[in-house]
Amino acid sequence: MSNVFDCQRVNVMVGGKEIILETGRIANQANGSIWIQCGGTVVMVTACSQAMERDMGFFPLTVEYAERMYAAGRIPGSFFRREIGRPSERETLVSRLIDRPIRPLFPKGLKQEVQVLATVISADQENESDVLSIAGASVALGLSSIPFAGPVAGARIGRVNGTYVLNPTVQELEKSDMNIVFAASKDAVVMVEGEAKFISEDTFLEALNWGHKEIQPLLLAQEELVAKAGKVKAATPEIIENVALAEKVSNIIKTDLSAALQVPAKLERKEVRKAVKEKLVAALNEDPEILDKPELMAEALEELGNLEKKIVRERILKEGKRIDGRDTKTVRPILIEPSALPRAHGSVIFSRGETKSLVVTTLGSATDEQRMDSLNGDYVKRFMLHYNFPPFSVGEVKPVRVSRREIGHGALAEKALRQILPSEESFPFTLRIVSETLESNGSSSMAAVCGGTLSLMDAGVPISAPVAGIAMGLIKEGSEYIILTDILGDEDALGDMDFKIAGTRDGITAVQMDIKISGIPTEVMGKALNQAKDARLHILGEMLKALPASRGELSQYAPQHCEVSVSPDVIRLIIGPGGKNIKEITAKTGASVDIDDSGKVAIFAPTQDALNIAKAMVLAFDQKAELGKDYGAKVKKVLEIGVVVELMPNLEALVHVSQLDTSRVENVADFAKVGDEMTVKVVEISGDRVRASRKAVLLEAEGQVWKPEDTARPQRERSGGYRDGGDRGRRDGGGRGDSRGGYQKR
């Protein structure tokens, strides 16, 4: 029988909404579990752990967020109609949102594999499940026996009509000029990610301070529930510092390591550090104490890492000098090469120091939009940014696959650039940007932002303003701290913060912040924001030197586009039976034809010539006759009352027997046959009925002036008629039918 404990519940009001925390009803065999609910949205979060069979050299934390389609009363759109499989992009991004704030809160040296699973089991399509999952993970870990220095809680900040809203609904978020997700402990904000419409640094900081205060009740509620139902925490292995070993390592290599950490070039520095490590290993292998205790070698190598971190941080704090010799505010040298690829629609190579990215923009039609299946229903994306980080960019050999990190960096860059794109009405192309990281030494995601802007401009996309991005770091020891601009990869690893900020000259468009310490004061975050703004303006200046504005026209290799309007009645004709006609247009021209129910037709073609042909083929189904105009026509049908002629494709008219010739025609079948060609003049248009006259053309050729009354029908001819090619007309006493005002086009 399972170890079931009593169901415990805490209700708390956060941002004007009730949040329910409940444990003990479900998933009781998990180490810790929670039912967290807001409105009709429910997330089940569980935490489990098991002892590691071997030391993996890192803390094996796994966080998985999953959305069950039944939560919104939907059946998955996949072939197998199951959710289990490769996680969606949203599931991956939310998994990262949960992981980042909780990972630093596990004790160092924890020898357990930990898995946190967050599953959305009910969705009301109003209250978002991602921020509930962050708090749910914290509660589940708090209730478990797994050592965890929580609580933390997540929330979303929106601003509607100048008023901040905590955890806005999906509908409110559509009206908001910011979408900031953050996680916070009682004392500080520990994680931020989001996008905004050009907000100032002061507004961003104000929003975070406001949100931090609003989230406090949820943190208190977590503590209350853990006090009621939490398990006793497992003992954390005590870490005893081996002072003697640390001194021995320092005495052997400190001088060499300090020199190695002043080598500016990454690969050269890597080789020198490798030589230092080899020197240490060789020296320790001759030490009898180490030979007697092999486990001390692993500790010595860990001390090597600690010494490296200490040397770099001390030099920055005391001397203001960084690994590559820069001061704390200088941006690395920037090199930009627009139009790097001859056949791409837009491309650029963007380099900042030893980080280099090839960024490419491709334009497509509406058929290239990405169809997405979600709890809130199906939707399409007309803008995609994909970030790639191949192993060669850091000189490594690894399997090539799309990782969570790549999805996360791509999503951040996509948020940064989304705000500057033209509307679909003014620029109806689907846009895809790919950022290929060619070389990496920090801030490659921000290179994707800068390169993405430039590739859009190179492609001729009329963006509203250029966007640049910068990554900021932090070194904090006690009350002392230093903000670092444009951090290197080593500074990211050895520092306390990774704060990415992107925006235009007018304001911020995207942010992402992670810290490795318990929190940072507001004044530190404010200084980082202002220092980042100075760097961003510098980078924007360099970008505009290379490409002052978007190119005035699209690449010759980009799709050509035009829009035409047709009568809604002819849409079925353009499509044709089983799509026959539209397939023919596509096969002949390579064009993509998108038809709106209103009759608006968007045509995307590979070349201008193909566009012209496709346009003509579309318009051929919606031809309109011009009164008084002569047409070279072909006989399509022979009737007793006259002939039906084709003026243009899909445009037909009736030439009454009285208008076939200047003399009387006794028998139409003797006078004309199908396939005959004749020149006729359009003499009457009545709605969709068209009448034409060959007689009028002949009279004008003889020098006579044609008058409309010359083709006026006798009253008796108006009593019956021909319509839509289906009736043969009514017979009169003379044996002729009449046209009832003409021939109705198809």
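Guide: Contact means heavy atoms within 4.5 Å. The model before us is predicted.

Visitor: What makes Gln512 and Met525 contacts of Phe499?

Guide: Contact requires heavy atoms within 4.5 Å. Phe499 touches both Gln512 and Met525, and its other partners include Phe204, Ile470 and Leu529; residues up to four places away in sequence are not counted.

Visitor: Why is Phe499 said to belong to a nonpolar core?

Guide: Members of such a core must be buried residues of certain kinds, Phe among them, joined through side-chain atoms within 4.5 Å. Phe499 is one of the residues with the most contacts inside the largest core, which has 155 residues. Therefore Phe499 is buried, which means under 20% relative accessible area.

Visitor: Which residues does the second core include?

Guide: Val635, Val668, Val682 and Ala692 are among its 20 residues, and this core is separate.

Visitor: How do you know that E11 and E12 pair?

Guide: Two strands pair if at least two bridges are found between them. Five bridges join E11 to E12, so the two strands pair, and they run antiparallel. One bridge links Ile336 with Phe350 in E12.

Visitor: Why are E11 and E16 called edge strands?

Guide: The open sheet has the order E11-E12-E13-E17-E16, with mixed pairing. E11 (334–338) and E16 (383–388) each pair on one side only. The twist averages 15° from one strand to the next.

Visitor: Which helix touches E11 and E12?

Guide: Helix H13 (residues 522–546) packs on the sheet there, and its direction makes about 35° with that of E11.

Notes
Residues numbered from 1 in each chain as written. Predicted model: local features only at pLDDT ≥ 70, side-chain atom pairs only at ≥ 80, totals over all residues. Heavy atoms only, no water. Helix = DSSP H or I, 4+ residues; strand = E, 2+ residues; numbered from the N terminus. Axes fitted to C-alpha atoms, helices over the stretch in contact; angles between N-to-C directions. Buried < 20%, exposed > 50% of the residue type's maximum accessible area, 1.4 Å probe, protein only.
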